[in-house]
Amino acid sequence: GWPAVFDRASGSTMYTEDGREYLDFFSGAGALNYGHNHQDLLEPLLDYLRSGSITHSMDMHTPAKRKFLETFRDVILEPRGLDYKVMFPGPTGTNTVEAALKLARKVTGRQHVLSFTNAFHGMTLGALAVTGNSMKRQGAGVALTNSSKIPYDDYFDGETTDFHWLERVLADSGSGVDLPAAVIVETVQGEGGLNAARASWLRALSDLCKKHDILLIVDDVQAGCGRTGTFFSFEEAGIVPDIVCLSKSISGYGLPMALTLFRRELDVWGPGEHNGTFRGSNPAFVTATAALKRFWSDRENFEQQIAVRANQLHEGLARVAATTEGAVVRGRGLLAGVAFPDPSTAEKIAAASFERGLLVETSGPESEVLKLMPALTISTEDLARGLDILMEAVDASVGERELTAVS
Ligand code: PMP
């Protein structure tokens, strides 16, 4: 709802048609992890487009696709000991989630899928069925079936033992809960309020899935591609999901692209069984390859850079949270924010930030969480400047709240 027409962008800055300048802490909802129009991605893209090479190729073989697959194997999969098959499911996040769900159902021959409270997995019917948000679910216009919700980490504020219910019903043949094909999880719930699962909780979930022969799908559409500090958000937990969904920043340049990764043994697709016209966008392969080489070849260095920025961000968020009683910092890495007890606070701060030249969004079922997603490549100075603007916006919003209370 930002009242502006955005015209140009560079790095972490966006410019409107009428010459206003905004620091971008929204980053295309995670599609612009390396900022806008990064020169090291733009140059190979322009060279490719001018060279007369193939733009659209569906599932035909092209050198650009080969280079991407080789680079993804060499830079991402092999160094992490992962042996996934790579599928191009169509260019959006919801496309990769649909492919993952279909594959899990086909492999296991089961229909049911478990997902978590406050999950967000996309807007097509399969993905929507495993999404929590009631407003979005109503938009389906039909019954959303074949899935049940289970509590995410800390849903009961530590009052009940994690997985208590799930362990019991899976072990009880009289529970009436069908054995699911899969469990789908986000390690950090980007849209659902920046709830971050603990590594130990993810490990326990992975163990439980293995024990009952349930496939574990990690939806890394938003938390992946370095957002939480490592390329895959589940690396910290040391788990290896059966299926992984990637999209948003995989092309690195904001070009639509998605991947579904899965264990080799799970490849039961028949030829053309899950197809789609836009699965071979070669310009996206070109920028994706350039992004992997540019940022992830020297993995330690880039992870270190993200960690430093994440510390800076979390320090700023702690200052914001300290202004309001009951406010808490949420999230992990550069996918973080502040949850406020009054659901109107975050929206007010986001609006006041916009007035001062900073783009931030809100998240959570009541939009009660102020959500910050600066580019992973943001400079220390830009991050500091954005956090200063945010503090001014917070002061203005808190002041407004106090005035409202007095009047
Ligand atoms: N999964 C997750 C975790 C997401 O955050 C999103 C988008 N916010 C999606 C899936 C859907 O992606 P898209 O909007 O590209 O369909």
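This is a walk through a predicted model, starting at its ligand and moving on to a handful of residues elsewhere in the chain.

Let's begin with the ligand. Twelve names make up its surroundings, and they come from several stretches of the sequence: T92, G93 and T94, then F120, H121 and G122, then E186 and E191, then D219, V221 and Q222, and finally K248. Sorted by class, this shell holds 2 nonpolar, 6 polar and 4 charged residues. If you look for the largest pocket in the model, you'll find that it is the space taken by the ligand.

Now zoom in on some of the atoms that face the ligand. D219 has a polar side-chain atom 2.7 Å from a ligand nitrogen. E191 also points a polar side-chain atom at a nitrogen of the ligand, here with 3.3 Å between them. With G93 the backbone does the job: one of its N or O atoms sits 2.8 Å from an oxygen of the ligand. How much of the ligand does the protein bury? On its own the ligand would expose 390 Å², and the protein buries 81% of that.

Two of those residues also help you find your way along the chain. Helix α4 covers 93-108, and G93 is one of the residues around the ligand. Strand β10 spans 215-219, and D219 belongs to the ligand's shell too.

Just ahead of helix α4 is P89, in the loop that connects β4 (84-87) to that helix. Is P89 buried or exposed? It counts as buried, because its relative accessibility is 4% and the cut-off for buried is under 20%. For a sense of distance, try Q111: P89 and Q111 are 22 residues apart along the chain, and their C-alpha atoms are separated by 20 Å.

After strand β10 comes a loop that runs on to β11 (243-246), and C225 is found there. C225 is not a glycine, yet its phi is positive, at about 55°. With a relative accessibility of 1%, C225 counts as buried. Further along, S367 gives you another case of a positive phi in a residue other than glycine, near 50°. Its home is the loop between β16 (361-363) and β17 (369-372). S367 is partly exposed, because its relative accessible area is 21%, and buried would need a value under 20%.

Next, have a look at strand β12, residues 259-263, which includes T260. The side chain of T260 makes a polar contact of 2.9 Å with the side chain of T96. T260 itself is buried, at a relative accessible area of 1%.

The helices offer some good examples of how sequence and space can go their own ways. Take V75 in helix α3, which covers residues 63-77. Counting along the sequence, V75 and K293 are 218 residues apart, but in space there is 7.4 Å from C-alpha to C-alpha. V75 counts as buried at 13% relative accessibility.

Then there is helix α9, residues 282-296, where you'll meet F295. F295 is buried as well, with a relative accessibility of 4%. Its partner in this tour is F26: the two are 269 residues apart along the chain, and 20 Å separates their C-alpha atoms.

The last stop is helix α10 (residues 299-322), home of I306. What is the relative accessibility of I306? The value is 0%, so I306 counts as buried. From I306 to G333 you'd count 27 residues in sequence, while the C-alpha atoms are 7.5 Å apart in space.

Methods: Residues are numbered from 1 along each chain as its sequence is written. This is a predicted model: local features need pLDDT of at least 70, side-chain atom pairs count only at pLDDT 80 or more; totals for chains, interfaces and linings use all residues. Side-chain values use heavy atoms; hydrogens and water are left out. A residue is near a molecule or strand if one of its heavy atoms lies within 4 Å of it. A polar contact is a pair of N or O atoms within 3.5 Å; within protein, one must be able to donate a hydrogen and the other to accept it, and residues adjacent in sequence count only if both atoms are side-chain atoms. Accessible areas come from the Shrake-Rupley method with a 1.4 Å probe; for residues, only the protein chains shown count as cover. On a 1 Å grid over the protein atoms alone, a cavity is a set of points where a 1.4 Å probe fits but cannot get out, and a pocket is an open set with protein on both sides within 12 Å along at least five of seven lines; lining residues have an atom within 4 Å of a point. A molecule sits in a cavity or pocket if more than half of its atoms lie within 2 Å of its grid points. Ala, Val, Leu, Ile, Met, Phe, Trp, Tyr, Cys and Pro count as nonpolar, Asp, Glu, Lys and Arg as charged, and the others, Gly among them, as polar. Helices (H or I, at least four residues) and strands (E, at least two) are DSSP runs, numbered from the N terminus. Buried means under 20% relative accessible area, exposed over 50%, partly exposed in between (1.4 Å probe, protein chains only).
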